[in-house]
Amino acid sequence: MGLLNLIPEADTRLFYIYVAECSLGLIFVIIFRHFGRLYRRRFLLSWSLSWLAYATYTASSGIVILFLLDSWIWPRDMLGIIAQLACFLQVILILRGTYELIYDRAFSKRKFRLIFIVTLGFALFTVIAFGQAGPFSRYLVSFGSRAIITGIGFLVAGIVVWTNKKFSKGFGQQLLSGSLISFSVYQLYHFTFRLLNLLGIDALGLDLMGSVDLLLVSLMGMGMVMWFLEDERENLNKENKELDSFLSNTSHDLRTPIASILGLTYLGKLELQEEKARSFMTMIEERIKKLDLVIGDILSLSRSKKVDLKIEELEFGKLLDETIADIRFNKGVSAIQLEYIEGPNDTFRSDYNQRKIILNNLMANAVKYHNLNQPNPYIRVSFKRTRNAVEIAVQDNGEGIAKENIPKIFDMFYRASPRTEGTGLGLYIVQEALTKINGLILVESELGKGSTFKVLLEHA
Ligand code: ADP
């Protein structure tokens with residue numbers, strides 16, 4: 001390769017290390033920029049800029065070390081200043097991003113501008129001093145101003161990441177903090193080693209040709225990505241909880257006025273003489289009942305989400321009796337024959353509340369979507385046990401579900417039947433409850449013939 005011919009053979013490895021470091025930096029620039037825009041999080045954009053600074057630093061210092069060390073002073077000094085500035089900026093931008101992540105607000109632009117100008121001045125000063133001969137330059141070069149400044153900067157960043165109390169110290173946060181501190185130790189080690197040499201003490205420094213830098217920098221980037229994902233998860237959990245309690249409080253509060261309106265429409269129907277007014281009252285009553293159904297379903301969903309699981313010994317026969325008692329006033333239930341196919345032993349371990357939600361909804365649907373215009377409308381419930389699981393099946397010979405609608409019936413608010421009075425939430429609630437207790441549901445159905453819902457539960 002033409003370019004590599006310019007480099008002494010011993011430096012070829014160094015060249016590849018610089019290329020790898022610079023490419024890694026650019027990859028992280030793209031990743032953090034993309035996520036920063038997607039999630040609209042400011043700290044990700046600061047971190048993206050910090051990686052741009054890192055890529056600039058490795059590229060410019062690589063060019064200086066590999067190509068310009070013994071050549072023209074001006075290009076060398078200019079790139080030197082850029083490298084120095086970019087290296088300082090990397091630490092400053094990591095700190096700025098961390099500040100924005102922890103305090104959830106932008107770092108003041110004025111302050112950042114001031115820091116930038118001071119850093120630029122400092123970079124200029126160190127590089128120009130570095131370019132001159134004499135004890136002053138020797139002092140600055142040998143003491144490694146870059147190593148000491150970035151070393152301290154990374155140490156501060158590592159401590160800030162480690163000690164802030166806002167996060168639950170997930171693996172990403174630990175990895176980022178650990179790699180920042182290790183990187184700082186590595187820089188300070190370089191500094192001490194150079195200091196000892198300057199003082200005339202012969203210390204043998206381990207020259208790993210940049211491989212440690214590369215490893216630590218990769219870990220730093222991965223730590224940042226993981227910390228961000230952990231933070232997003234915490235935020236989502238918090239928002240979910242807020243939404244759940246908003247839903248449950250609002251639906252709870254809506255129930256009281258709905259009950260009053262229902263009572264008033266009932267009284268209105270009794271008091272009003274005019275037929276038209278009475279029919280309006282009946283329509284209002286029907287709509288309010290529908291609204292009450294939706295709110296009841298939302299309440300049951302939020303309750304099922306909120307309640308902690310309690311695994312206990314349950315008897316299926318007893319649970320079925322309770323469910324039958326719950327749905328005994330549902331429309332059409334008296335015309336349907338209920339058959340229960342009992343296994344030899346019907347006890348199993350599960351959560352009572354989730355199980356009740358599941359069975360109640362499946363039974364209520366089997367009644368709701370029945371076809372009473374046939375000689376023998378029935379619902380067959382069976383309970384089977386295997387070694388680790390139980391299978392509960394609810395079968396009906398009702399109206400059935402069209403094949404193309406089956407995959408959608410568990411979606412929120414989806415209703416497959418045009419004449420349904422339901423809310424489209426029942427099976428969604430069943431699915432949510434099953435997710436909580438690690439269960440599965442299978443559906444077999446044929447339009448006009450009937451449906452079978454099979455629930456497979458882990459026998460805890
Ligand atoms: P809903 O509250 O409207 O009953 P579900 O989520 O419980 O909503 O059910 C979704 C759709 O699945 C219903 O609109 C209905 O068309 C269909 N469905 C559910 N169970 C049965 C069943 N046993 N027989 C026929 N159709 C059913």
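Start by selecting Asn365: one of its polar side-chain atoms lies 2.8 Å from an oxygen atom of the ligand. This is a polar contact, a pair of N or O atoms within 3.5 Å. The model is predicted, so local features need pLDDT of at least 70 and side-chain atom pairs pLDDT 80 or more, while totals for chains, interfaces and linings use all residues. Residues are numbered from 1 along each chain as its sequence is written, and side-chain values use heavy atoms, without hydrogens or water.

Next, select Ser417. A backbone N or O atom of Ser417 sits 2.9 Å from an oxygen atom of the ligand. Then go to Gly426. There, a backbone N or O atom lies 3.3 Å from an oxygen atom of the ligand. On its own, the ligand has 530 Å² of accessible area, and the protein covers 98% of that. Such areas come from the Shrake-Rupley method with a 1.4 Å probe.

Now show the whole shell. It holds 21 residues around the ligand, each with a heavy atom within 4 Å of it. Asn365, Lys368, Tyr369, Gly424 and Leu427 are the closest. By class, the shell has nine nonpolar, nine polar and three charged residues. Here Ala, Val, Leu, Ile, Met, Phe, Trp, Tyr, Cys and Pro count as nonpolar, Asp, Glu, Lys and Arg as charged, and the others, Gly among them, as polar.

Color the elements next. Helix 12 (352-368), helix 13 (426-436) and strand 7 (450-458) each give two or more residues to the shell. Helix 12 gives the largest share, three residues. Helices (H or I, at least four residues) and strands (E, at least two) are DSSP runs, numbered from the N terminus.

Stay on helix 12 and add helix 11 (residues 316-327). The two pack at about 55°, with axes 10 Å apart. Helix 11 and helix 12 are therefore oblique to each other.

Last stop: helix 3 (residues 42-68) and helix 4 (residues 73-103). Their axes come within 7 Å and cross at roughly 160°. Helix 3 is therefore roughly antiparallel to helix 4, a term for angles over 145 degrees, whereas oblique excludes angles under 35 and those from 65 to 115. Angles run from 0 to 180 degrees between N-to-C directions, and axes are lines fitted to C-alpha atoms over the stretch in contact.

Methods:
Polar contact = N/O pair within 3.5 Å; in protein donor to acceptor, adjacent residues only side chain to side chain.
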